[in-house]
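Welcome! Please take a moment to look over the sequence and the 3D structure before reading on.

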Amino acid sequence: MFVDSHNHMSRKQFDETFFRLLDRLDELCLKGTFFCLGSLAVDFPDVVREIAKRGHEVGCHSHNHVWLTKLSPVEFRKDTSDAISALEICEFGLNKPLG
């Protein structure tokens, strides 16, 4: 399932669809890797937490789903950093310390 800021799926539709998918994977005793956008983690933090809680792997799929090859090195680092920070906050409930 692909969800980004351009998707017009309601929160209720998203929750119902996504949690049905997670329930089905549980029924089949299957684990998966979910490559999530950082922006999705900001909009749906409970979903990212639930993915991790159920034992699935959470991977980073950029922050805003932009063409990474069209970004400057500085823009690329910022997009990646924003995405990782958003996913860490969701998955662990806090941001990593600086330094």
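The notes below go from the overall layout to the core, a helix pair and a few individual residues.

This is a predicted model. Its chain has four helices and two strands, which follow one another in the order α-β-α-α-β-α. Of the 99 residues, 30% count as buried.

**Overall layout**

- Start with the order of elements: reading along the sequence, you will meet the pattern α-β-α-α-β-α.
- Contacts across the sequence are worth a look too: among those between residues at least 6 apart in sequence, 63% join residues at least 24 apart.

**The nonpolar core**

- The largest nonpolar core is made of 17 residues.
- Within this core, the residues with the most contacts are F18, F34, C36, L40, V48 and I51.
- At least two core residues come from each of α1 (11-27), β1 (33-36), α2 (38-43), α3 (45-53) and α4 (73-92).
- The largest share belongs to α1, which supplies four residues.
- I51 is a good residue to click on here: leaving out residues up to four places away in sequence, I51 touches F18, L22, F34, C36, H56, E57 and V58.

**How α1 and α3 pack**

- The axes of these two helices, α1 and α3, are 11 Å apart and meet at an angle of about 5°.
- Angles under 35 degrees count as roughly parallel, and α1 and α3 are therefore roughly parallel to each other.
- On the α1 side, the residues in contact are R11, F14, D15, F18, F19 and L22, and they meet D46, V47, E50 and I51 of α3.
- Sorted by class, this contact of α1 with α3 has six nonpolar and four charged residues, and no polar ones.

**R54, a buried charged residue**

- You can find R54 in the loop between α3 and β2 (57-60).
- Is R54 buried or exposed? Its relative accessibility is 17%, and buried means under 20%, so R54 counts as buried.
- The R54 side chain makes a polar contact with the side chain of E50, at 2.7 Å. E50 is also one of the α3 residues that meet α1.
- Setting aside neighbours within four places in sequence, R54 is in contact with F19, L22, D23, D26 and K31.

**H56 and G32, a link between two loops**

- H56 lies in the loop between α3 and β2, while G32 lies in the loop between α1 and β1.
- With a relative accessibility of 5%, H56 counts as buried; G32, at 21%, is partly exposed.
- Which atom of G32 does the side chain of H56 reach? The side chain of H56 reaches the backbone nitrogen of G32, at 2.9 Å.
- Not counting residues up to four places away in sequence, H56 touches L22, L25, D26, L30, K31, G32, F34 and I51.
- By the same count, G32 touches H56 and E57.
- G32 and I51 are 19 residues apart in sequence, and their C-alpha atoms are 9.1 Å apart in space.

**Tying the pieces together**

- I51 is a handy landmark for your tour: I51 is among the core residues with the most contacts, is one of the α3 residues that meet α1, and touches H56.
- L22 is another one to follow, since L22 in α1 takes part in the contact with α3, and both R54 and H56 have L22 among their contacts.

Terms used. Residues numbered from 1 in each chain as written. Predicted model: local features only at pLDDT ≥ 70, side-chain atom pairs only at ≥ 80, totals over all residues. Heavy atoms only, no water. Core = buried A, V, L, I, M, F, W, Y, C linked by side-chain atoms within 4.5 Å. Buried < 20%, exposed > 50% of the residue type's maximum accessible area, 1.4 Å probe, protein only. Contact = heavy atoms within 4.5 Å. Axes fitted to C-alpha atoms, helices over the stretch in contact; angles between N-to-C directions. Parallel < 35°, antiparallel > 145°, perpendicular 65-115°, else oblique. Nonpolar A, V, L, I, M, F, W, Y, C, P; charged D, E, K, R; others polar. Polar contact = N/O pair within 3.5 Å; in protein donor to acceptor, adjacent residues only side chain to side chain.
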